[in-house]
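Me: Please take a close look at one part of this model. Then follow the thread to whatever else deserves attention.

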Amino acid sequence: MKIGIDKIGFFAPHMYIDMVNLAEARGDDPLKYTKGIGQDEMAVNPVTQDTVTMAANAALQLIDETDREKIDFVIFGTETGIDHSKAGAVYVNSLLGLKKNVRAIETKQACYGATAAIQLGRGHIALNPDSKVLVLASDIARYGLATPGEVTQGAGAVAILLSKDPKIMTIEQESTYQTDDIMDFWRPVYSDVAIVDGKYSNDKYIEFFADVWSAYKEKTNRDFSDFEAICFHLPYTRMGEKALKPHLESMSEDVASRLESNYKISTTYNRLVGNIYTGSLYLSLLSLLENQTDLKAGARIGLYSYGSGSVGEFFTGILEEGFREHLNTANHKELLANRKEVTVAEYETEFLKELPTDGSSIEYDEESDPATIYLSGIKDHMRQYKNKKS
Ligand code: COA
């Protein structure tokens, strides 16, 4: 049975900053940000968007009445969830008006959480072929103002509907993965910003790619020539390039140039949104599918997932006949084009806004956020969510 991506969509908050302005404000050469790191713009999330609302906004555009009937598993991959106990999937289930006989859980392992969700979802469909599984990947990447990691922040969500006989991409059976207990990036429960050893994390990411790729090659006898493109987890858009580079000389010129050129296209949206942790790999896949106009059905796409700490996985998909007709390309381009640019000072103000943590109430004005689903306030330690259309 074919199982894979039937629908895929994303959401990014309505504000962004230009990385040239951020570089100038931090006294850095703008080329370091745009070329050295590879980021042009970075999403700025208002206090009215958290990981629940972003995931719900991403899924809202995908789900129709048939899906509502068939979805019986919602899996929320995140490393910036809103609660230590309750899963973000439960809130999204209610915000989307999904039925109650659904399993709703959260998965966590840094930026790998959504890949774990996809593999879990595939297993669920293999056992229950008529089910559909909604996978959500939603995060707000925060390192702190004027830190080395600041340039690799971002916010956004990707929603993926998994089913049998998928319309976009079948996920193939073979995958290779590995785990190693290392401290390259983590976020202690008392901290709202991540701690990262950036250079060490880069090295581990590259090393994990080499390991899972070599295991995949051995397991399947496939080589780089069997791939039309490889999408990478992108904490910033130079990262995948660094992992691919050591392998280029083992390829023919044609294969190397195809993978390099498709890699560049696969960074299109990530360059404008920044790091969305769990969703970054899938935003890269979306960038490729919606911007590479020569992709053909039957093409094999590689996906490299890396979650610091660390778990890495290499898996693959085959594009389905007519996949392009099932993408929401125009909506996604419009969402990005309609965002509002903010100044560095405005970004800093948004960054420093905090929700009350002492049980006091707050209400937010719905006019301040154009998104359909938003956080309308806090009451008695409970987040209040609103869907403007219901
Ligand atoms: N023009 C062009 N390129 C420039 C430049 C300039 N004026 N100045 C610097 N650069 C290049 C550097 O040569 C370097 O390129 P290289 O990586 O190919 O060598 C790149 O810009 C970054 O510069 P660097 O000095 O290494 O930056 P940094 O010390 O500020 O750290 C990160 C960069 C990415 C390590 C840091 O932002 C970070 O830790 N981010 C978090 C990463 C993360 O999330 N990891 C965990 C998940 S996988």
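Reply: Asn-45 is buried (under 20% relative accessible area, 1.4 Å probe, protein chains only; over 50% is exposed, in between partly exposed), because its relative accessible area is 18%. The model is predicted: local features need pLDDT of at least 70, side-chain atom pairs 80 or more, while totals for chains, interfaces and linings use all residues. Numbering starts from 1 along each chain as its sequence is written, and side-chain values use heavy atoms, without hydrogens or water.

Asn-45 sits in the loop between strand S3 (41-44) and helix H3 (51-60); both are DSSP runs, at least four residues for helices (H or I) and at least two for strands (E). Its side chain reaches the backbone oxygen of Gln-49 at 3.2 Å. Beyond neighbours within four places in sequence, Asn-45 is in contact (heavy atoms within 4.5 Å) with Pro-13, Met-15, Ile-140, Ala-155 and Glu-350.

Now Arg-222. It lies in the loop between H7 and strand S11 (229-232). Arg-222 is also buried, at 15% relative accessibility. The Arg-222 side chain makes a polar contact with the Tyr-216 side chain at 2.6 Å; such a contact pairs N or O atoms within 3.5 Å, one able to donate a hydrogen and the other to accept it. Leaving aside neighbours within four places, Arg-222 also touches Glu-172, Glu-174, Trp-213, Lys-217 and Arg-300.

Trp-213 of H7 also meets H8. H7 (residues 198-220) packs on H8 (residues 238-248) at about 50°, axes 9 Å apart. The H7 residues there include Tyr-205, Ile-206 and Phe-209. On the H8 side, Met-239, Ala-243 and His-247 are among them.

Terms used
Axes fitted to C-alpha atoms, helices over the stretch in contact; angles between N-to-C directions.
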